[in-house]
Amino acid sequence: MAGYRRLTALIAVGAILVGCVPGSSQVASPSTAASPVESAAASAAASAVAAGSAGPSFDTSTPATLAEWDTETSAGPSGEMDALNQAFHDKYPNVTIKRTSKSFDDYVATIKLAASAPDAPDVYQGNEGYSVDAALVKAGLIVPLDDYAKAYGWETRFGSPATLDVLRWSTDGATWTKGPLWGIAQKAEVLGVFYNKATFQKLGLTVPTTFDEFQATLATAKTGGVDPIVVGGLDGWPLGHIFMMLQALYEPPEQITNWTFAVPGSTFDDQGTQQAAQVMQDWAKKGYFFKGFGGVGQDNAAARFTKGDGLYFLTGPWENGTFAPMGANVGWFALPGTTAGTPSPTTGSLSIPYHISKASKYPDIAAAYIDFITSSQAADVVAGKGDLPAAPLATSTVVDPQTSLGEIIQGFNDKSKAGLLTPYLDWASPTMGDTMFAGLQKLTASKLTPAEFTAEVQKDWSKAHPGQ
């Protein structure tokens with residue numbers, strides 16, 4: 001699941017968090033050879049890293065196997081990791097990368113147990129927030145990365161050093177944005193709207209400039225026999241991402257940020273958030289989500305959209321590679337705000353970070369690996385697979401600005417520079433994902449009212465942050 005939001009004000013208050021990135025349930029074996037295009041980009045990455053790295057050295061003669069776990073199961077992201085892992089092995093032939101990839105839900109459910117096992121992976125993704133990263137820090141399962149950050153220049157790789165604050169925790173895992181650095185992210189995220197250009201043309205639509213216009217396109221699609229929004233409601237979190245975009249239209253970014261970071265006095269149970277919940281429930285009642293969405297997983301839903309079903313797919317950039325078969329027929333825009341010409345907030349962040357296991361026999365190799373896959377040269381590989389890298393591109397021509405990825409990159413840059421990126425809401429407590437996503441499933445099934453939904457979520461928050 002992601003550069004930081006805050007190149008401006010939100011980062012300063014810690015609004016730029018690493019987000020949740022989904023995927024399918026496949027398991028990948030050790031890296032396979034990349035395509036010629038990927039190999040060329042990866043080789044360029046290897047050459048640049050070899051020439052410019054100032055990081056710690058390690059034994060390059062003794063064979064070593066580095067176990068790496070990630071959530072990159074979508075087509076584009078999985079291809080990126082395979083290409084980069086092969087390139088790292090090409091650079092360091094003595095190092096073999098043994099990759100394991102799991103769907104986000106499965107991953108989050110198992111990573112803490114795997115991280116505490118005697119054979120814990122050497123390098124693995126976590127997830128910002130109290131549920132995963134805070135628990136990993138508190139249990140002493142990962143190592144601080146400050147020395148590596150200085151050696152490799154990570155503190156300035158993604159802009160201001162403050163960008164990394166969201167990856168800092170006190171050593172007891174209690175205080176967020178303060179203390180040692182525990183992870184580094186490879187990608188950035190911004191939630192938005194993928195659309196089918198051919199269907200747009202068929203329905204006589206143009207890209208909406210206000211939220212009212214956007215809702216009018218939903219009605220037009222429904223009347224025209226086209227599913228307005230394709231989403232996999234069975235997984236829960238995809239509904240969460242749609243809701244987060246809606247909430248950002250009705251709540252000031254600072255209020256969303258304060259609530260997510262547990263600022264005393266914050267609340268989810270207010271009029272603006274209930275209004276967003278009402279809109280989402282209304283969409284479900286009007287049939288704007290395709291029929292049977294509650295029983296369909298996100299991977300299946302993405303496959304349907306790729307084949308031409310539906311008008312919109314609201315999600316993050318990790319699906320851009322999935323939609324590659326659509327070619328120039330897929331476009332992207334940020335969900336427009338309530339007033340024409342006024343930029344609207346949306347959810348976005350750096351993506352989930354990579355950590356080094358405290359149990360790893362090869363921490364220096366693991367650090368070199370993280371440096372390799374988060375470099376600007378690696379960003380070219382990530383972008384070449386249709387995803388949004390956190391580091392600046394080494395080669396600007398890798399991305400055509402007229403493509404969906406070019407639109408995503410521009411959207412992320414615009415939102416982050418304007419301070420209009422809000423954090424993922426499920427970071428707010430260890431159980432918030434379960435509570436919120438299940439609540440949204442009930443909300444869209446009309447089993448909860450908007451007021452009941454917001455009250456239920458706030459109850460979870462208050463339990464996790466007593467006295468605040």
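This is a short chat about a pocket, a helix and some strands in a predicted model.

Author: Quick ground rules: residues count from 1 along each chain as its sequence is written. The model is predicted, so local features need pLDDT of at least 70 and side-chain atom pairs 80 or more, while totals for chains, interfaces and linings use all residues, and side-chain values use heavy atoms, without hydrogens and water.

Reader: What makes a residue part of the lining of the largest pocket?

Author: A pocket is an open set of points on a 1 Å grid over the protein atoms alone, where a 1.4 Å probe fits, with protein on both sides within 12 Å along at least five of seven lines; a lining residue has an atom within 4 Å of a point. Here 22 residues line the largest pocket, with Asp105, Val108, Gly433, Asp434 and Phe437 nearest its centre. Two elements give two or more residues each, α4 (104–115) and α17 (432–444), and α17 gives the most, six. Helices are DSSP runs of H or I with at least four residues, strands are runs of E with at least two, and numbering starts at the N terminus.

Reader: How do you know that α4 has the span expected of a helix?

Author: The expected span is 1.5 Å times one less than the number of residues. For the 12 residues of α4 that comes to 16 Å, and the end C-alpha atoms are 16 Å apart, so the two agree.

Reader: Which residues of α4 are called buried, and why?

Author: Buried means under 20% relative accessible area, exposed over 50%, and partly exposed in between (1.4 Å probe, protein chains only). Phe104, Tyr107, Ile111, Ala114 and Ala115 of α4 meet the buried cut-off. They cover an arc of only 85° around the axis, so they sit on the same side of α4; the arc is taken from the directions from the helix axis to the C-beta atoms. Ala109 and Leu113 are exposed on the other side of α4.

Reader: Why do β4 and β5 count as a pair?

Author: Two strands pair if DSSP finds at least two bridges between them. Strands β4 (168–169) and β5 (176–181) have two, in the antiparallel sense, so they pass. One bridge sets Arg168 against Leu181. Six residues separate β4 and β5 in their hairpin, and Gly173 in the turn has a positive phi of about 70°.

Reader: What makes β7 and β13 edge strands?

Author: The open sheet runs β7-β11-β13, with mixed pairing. β7 (188–190) and β13 (421–422) each have a single partner strand, so one side of each lacks a neighbour in the sheet. β11 (346–350) and β13 run parallel, joined by two bridges.
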